[in-house]
Amino acid sequence: MASHRWAIIMAAGDGARVRSLTKDATGVALPKQFWSPGTDGSLIRWTLRRASRLTSSARIVTVVAAKHRDLWRVALPAEALARVVVQPENRGTATGVLLPLLHVLRRDPDARVAILPADHAVEDEDVLVYTLQLAFDLVEGGRSVILLGMTPDLADPGYGWIVSGDTHEDGSRPVLLFREKPEALVARKLYLGGAHWSSFMLVAQARALLSIYERIAPRLTRMLARACDTELSGSATGDGAPGALERVYSRLPSMDFSRDLLERSAVELRMLPVPPCGWTDLGTPDRIERWTRDHGTDRFEHAETQFA
């Protein structure tokens, strides 16, 4: 079963909201995934180490942006550079997930995929990795899509929120409602009602996730699938400009994965609560400032892996 486990690392964003804080040693602003908060490497390296505990390097796909080529060529080790998927431009997170999903499915029709954003800080990696492994077990046991939910410590309207039902004996819960970045009053009601934050991390049967795209975003899926069938999405170093993708990207609808896909497919999803692990999505200035204040400039030690 483990041979069908894949990880998709989301590392193509611009991080525009936090670029005043995510700078290199010379003061140059960086997209957050290439930022190094302390002495333990960049956020994208943290995510690679996390992924390497779930599957082999041959089944880790990293989604990057063409315009960041000079950054990811330096930031990624050779093993990861061999499996980058290059986005010609940003057309929203829905496309950002679909492109590597198609890439994986063409190599493994029975793939199970973990989606891992490259902007998360985690104090206890063992807890998070264990939960991701459990989610893989559930998907291999027949579940379709498992969202990883985090217990909130405040009514932050900047997160997606998951309302779930009773816990099944396998530890998962049915998703009753998904709300992406609700208004502050709604977020407070969800918080008081025991809802969870969406971490944007999930584990799914790749074909089940694709079927959600085919139902909700058929035009996007058809257009991108045709382009992927025409040619590969990039060479090992990103030098092979994907002409078919470049031509089609300007015509793709821009869609948000959480708002346009997850909100509209909530009844098809399950949630697995993550035990306390010191997780933070470093996607806003407030979160980065709070995390830096709480943890200083040094990063927690990771287990040594091939991406160390």
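## A guided tour of the predicted model

With 308 residues, a compact globule would be expected to have a radius of gyration near 19 Å, and the 18 Å of this chain agrees with that. Keep in mind throughout that what you have open is a predicted model. Showing the whole chain as C-alpha atoms, you will see them fill a box of roughly 50 × 45 × 35 Å, taken along the principal axes. A cartoon view brings out 11 helices and 11 strands, and if you colour by accessibility, 54% of the 308 residues count as buried.

**First stop: strand 4**

Select residues 112-117, which make up strand 4, and notice that six of its six residues are buried. In a regular strand the side chains alternate between the two faces of the sheet. Turning on the side chains here, you can follow Arg112, Ala114 and Leu116 pointing one way, while Val113, Ile115 and Pro117 point the other way.

Now add the neighbouring strands to the selection. Strand 1, residues 5-10, pairs with strand 4 in the parallel sense over six bridges, and within this pairing Ile9 has Leu116 as its bridge partner. Strand 9 runs antiparallel to strand 4 and is joined to it by four bridges; to find this pairing, look for Val113, which stands opposite Ala204 of strand 9.

**Second stop: helix 5**

Move along the chain to residues 125-140, where helix 5 has 16 residues and reaches 22 Å from its first C-alpha to its last, close to the 22 Å expected at 1.5 Å a residue. At the start of this helix, select Asp124, whose side chain has an oxygen that reaches to within 3.2 Å of the backbone nitrogen of Asp126. Along the helix itself, the buried residues include Val127, Leu128, Leu132, Phe136 and Val139, and just after the helix you come to Gly142, which takes a positive phi of about 125°.

**Third stop: the aromatic rings**

Next, display the rings of Tyr159, Trp161, Trp197 and Trp279, which ring pairs link into a cluster. The count of aromatic pairs comes to seven. In one of them, the ring centres of Tyr159 and Trp279 are 5.7 Å apart and the planes stand at 45°, so this pair is tilted. Because Tyr159 lies in the loop between strand 6 (145-150) and strand 7 (160-164), and Trp279 in strand 11 (residues 279-281), the pair ties together parts that are 120 residues apart in sequence. Tyr159, at 4% relative accessibility, counts as buried, and Trp279 counts as buried at 11%.

Shift the selection to Trp161 and Trp197, which form an edge-to-face pair with 6.2 Å from centre to centre and 70° between the planes. Trp161 belongs to strand 7 and Trp197 to strand 9 (residues 196-205), so this pair ties together parts that are 36 residues apart in sequence. Both Trp161 and Trp197 are buried.

Before leaving, add Arg287 to the view: its charged end sits over the ring of Tyr159, 3.8 Å from the ring centre.

**Last stop: Ser211**

Finally, select Ser211, which lies in helix 7, residues 206-216. Is Ser211 buried, exposed or partly exposed? Its relative accessible area is 34%, and since the partly exposed class runs between 20% and 50%, Ser211 is partly exposed. To end the tour, draw a distance from the C-alpha atom of Ser211 to that of Leu54, which is 157 residues away along the chain, and you will find the two atoms separated by 24 Å.

How values were computed:
Residues numbered from 1 in each chain as written. Predicted model: local features only at pLDDT ≥ 70, side-chain atom pairs only at ≥ 80, totals over all residues. Heavy atoms only, no water. Helix = DSSP H or I, 4+ residues; strand = E, 2+ residues; numbered from the N terminus. Expected span 1.5 Å × (residues − 1). Buried < 20%, exposed > 50% of the residue type's maximum accessible area, 1.4 Å probe, protein only. Polar contact = N/O pair within 3.5 Å; in protein donor to acceptor, adjacent residues only side chain to side chain. Phe/Tyr/Trp six-rings, centres within 6.5 Å; stacked < 30°, edge-to-face > 60°. Lys NZ or Arg CZ within 6 Å of the ring centre and 35° of its normal. Pairing = 2+ DSSP bridges. Rg over C-alpha atoms; globule rule 2.2 N^0.38 Å.
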